[in-house]
Amino acid sequence: MIQMVCSDLDGTLLQYGKKWLEGEIFDQIRALAAHGIRFCPASGRQYTSERKLFAPVAEHCVFLCENGAVLFDGGKVIAKTPMPRQLAEAIAWDFWNDSDGKGEVMLSGENTSYLMSRGRGMVERIAFIGNNYTLIDDPARIPEEIVKVSVYIDEGVNPYAERFVPRWKAANCAVAGPKWIDTTLANKGTGVQALCRALGMQPENVMAFGDNYNDVAMLDLVGHPYIMQSAAPELLQRYANHTPRPEDTLAAFLEQLDREQPL
């Protein structure tokens, strides 16, 4: 029995370059709620950005933010996984200094993005997705716990993945999109586990959608994982269930529910 549906956003529910969700997913979230099923946006985005996207149906959602490092329910933080300050600052300076002058760095607090900018597009991207943000020149000046450190490379992160991912494996370093590499002590898998504990659910009763390597921990955990057809070949081989859009799979699932359990 499905009790919760989790979905990545950028590259999954939101195709790259798309800013807003369409009404179809909102209707589906309402229909899921009518069957007692919670919906969880599961993203590297912060809460403010996710909450804006899902404003029409936010009362039916729990929010997994910053790749699982911060979890919100009812507008309140229900779990947070901060990074040791020394580690977070070391990763930030490594991303900054060893990215050939191309990397821009974002350090995430509970609900604020702290940006080390080189003027190569990161600030515009963060404004585009609707994060709260402020510019900094030194991570030591951040006045709160750091939950995630990311590097943005406007030319694409693939040439840098082998440089950074193995180096910061202990901080769950992973490619999070064409232009992003993320590090956290949490991941989407630990985030979903924490949500299941808080909501009294079992991971095998969760359906999840993803498209990239930072979704693997979540997809490996749940009982019903779906990978986007646009994902890397390695990920397509890893998971049996492929979908062009989460909405298509949810439409079929809701039709089945209505046949089995008419509202």
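# Notebook: contacts, cysteines and a pocket

I began with Thr12, whose side chain is joined to that of Asp211 by a polar contact of 3.2 Å. I was working with a predicted model throughout. A second polar contact from the Thr12 side chain, this one of 2.7 Å, goes to the side chain of Asp8. I placed Thr12 in the loop that runs between strand E1 (4-7) and helix H1 (23-34). Is Thr12 buried or exposed? I found a relative accessible area of 1% for Thr12, and because the limit for burial is under 20%, Thr12 is entered as buried. Setting aside residues up to four places away in sequence, I listed what Thr12 touches as Ser7, Phe209, Gly210, Asp211, Met228 and Pro246.

**Thr243**

I went on to Thr243, which lies in strand E14 (residues 242-243) and is buried, with a relative accessible area of 1%. With neighbours within four places in sequence left aside, I noted that Thr243 is in contact with Phe209, Tyr226, Ile227, Met228, Gln229 and Thr249. Phe209 and Met228 also appear among the residues that Thr12 touches, and I therefore kept the two entries together, Thr243 being buried and Thr12 being buried as well. The side chain of Thr243 reaches the backbone oxygen of Arg245 at 2.7 Å. I also looked up a separation along the chain, and found that Thr243 and Ser43 are 200 residues apart in sequence and 18 Å apart in space, taken from C-alpha to C-alpha.

**Ser113**

Next I turned to Ser113, which has its place in strand E7 (residues 113-116) and is buried, with a relative accessible area of 0%. Which side chain does a polar contact join to that of Ser113? I found Asn131, and the polar contact between the two side chains is 2.9 Å. Asn131 is also on the list of residues that Ser113 touches beyond four places in sequence, where it stands with Gln46, Met106, Leu107, Ile126, Asn132, Tyr133 and Thr134.

**Glu124**

I looked up Glu124, in helix H4 (residues 122-129), and its relative accessibility of 53% counts as exposed, because exposed means over 50%. From Glu124 to Ala186 I noted 62 residues in sequence and 26 Å in space, again C-alpha to C-alpha.

**Cysteines**

How many disulfides does the count come to? I obtained 0 disulfides. For Cys40, the closest cysteine sulfur is in Cys6, and it lies 4.2 Å from the sulfur of Cys40, which is too far for a bond because a disulfide needs the two sulfur atoms within 2.5 Å. Cys196 is likewise in no disulfide, the nearest cysteine sulfur, once more that of Cys6, being 7.0 Å away. I then looked up the accessibility of these two cysteines, and Cys40 counts as buried at 0% relative accessibility, while Cys196 counts as buried at 2%.

**Backbone entries**

I then turned to phi. Most residues other than glycine have a negative phi, so I wrote down the following exceptions to that general tendency. Glu66 has a positive phi of about 50 degrees although it is not a glycine. I found Glu66 in the loop between strand E3 (62-65) and strand E4 (70-73), where it is buried, with a relative accessible area of 1%. Asn172, also not a glycine, has a positive phi of about 55 degrees. I found Asn172 in the loop between helix H5 (158-164) and E10, and with a relative accessible area of 29% it is partly exposed.

**Second largest pocket**

Asn172 led me to the second largest pocket, since it is one of the residues that lie nearest the pocket's centre, together with Cys173, Ala174, Tyr213 and Asn214. In total, 17 residues line the second largest pocket. The elements that give two or more residues to this lining are strand E10 (174-177), strand E11 (180-183) and helix H7 (216-221). I recorded a volume of about 300 Å³ for the second largest pocket. How do the lining residues divide into nonpolar, polar and charged, and how many are there of each? I entered 9 nonpolar, 6 polar and 2 charged residues.

Conventions
Residues are numbered from 1 along each chain as its sequence is written. This is a predicted model: local features need pLDDT of at least 70, side-chain atom pairs count only at pLDDT 80 or more; totals for chains, interfaces and linings use all residues. Side-chain values use heavy atoms; hydrogens and water are left out. On a 1 Å grid over the protein atoms alone, a cavity is a set of points where a 1.4 Å probe fits but cannot get out, and a pocket is an open set with protein on both sides within 12 Å along at least five of seven lines; lining residues have an atom within 4 Å of a point. Grid points are joined across faces, edges and corners, and a volume is the space filled by probe spheres set on the points. Helices (H or I, at least four residues) and strands (E, at least two) are DSSP runs, numbered from the N terminus. Ala, Val, Leu, Ile, Met, Phe, Trp, Tyr, Cys and Pro count as nonpolar, Asp, Glu, Lys and Arg as charged, and the others, Gly among them, as polar. Buried means under 20% relative accessible area, exposed over 50%, partly exposed in between (1.4 Å probe, protein chains only). A polar contact is a pair of N or O atoms within 3.5 Å; within protein, one must be able to donate a hydrogen and the other to accept it, and residues adjacent in sequence count only if both atoms are side-chain atoms. Contact means heavy atoms within 4.5 Å.
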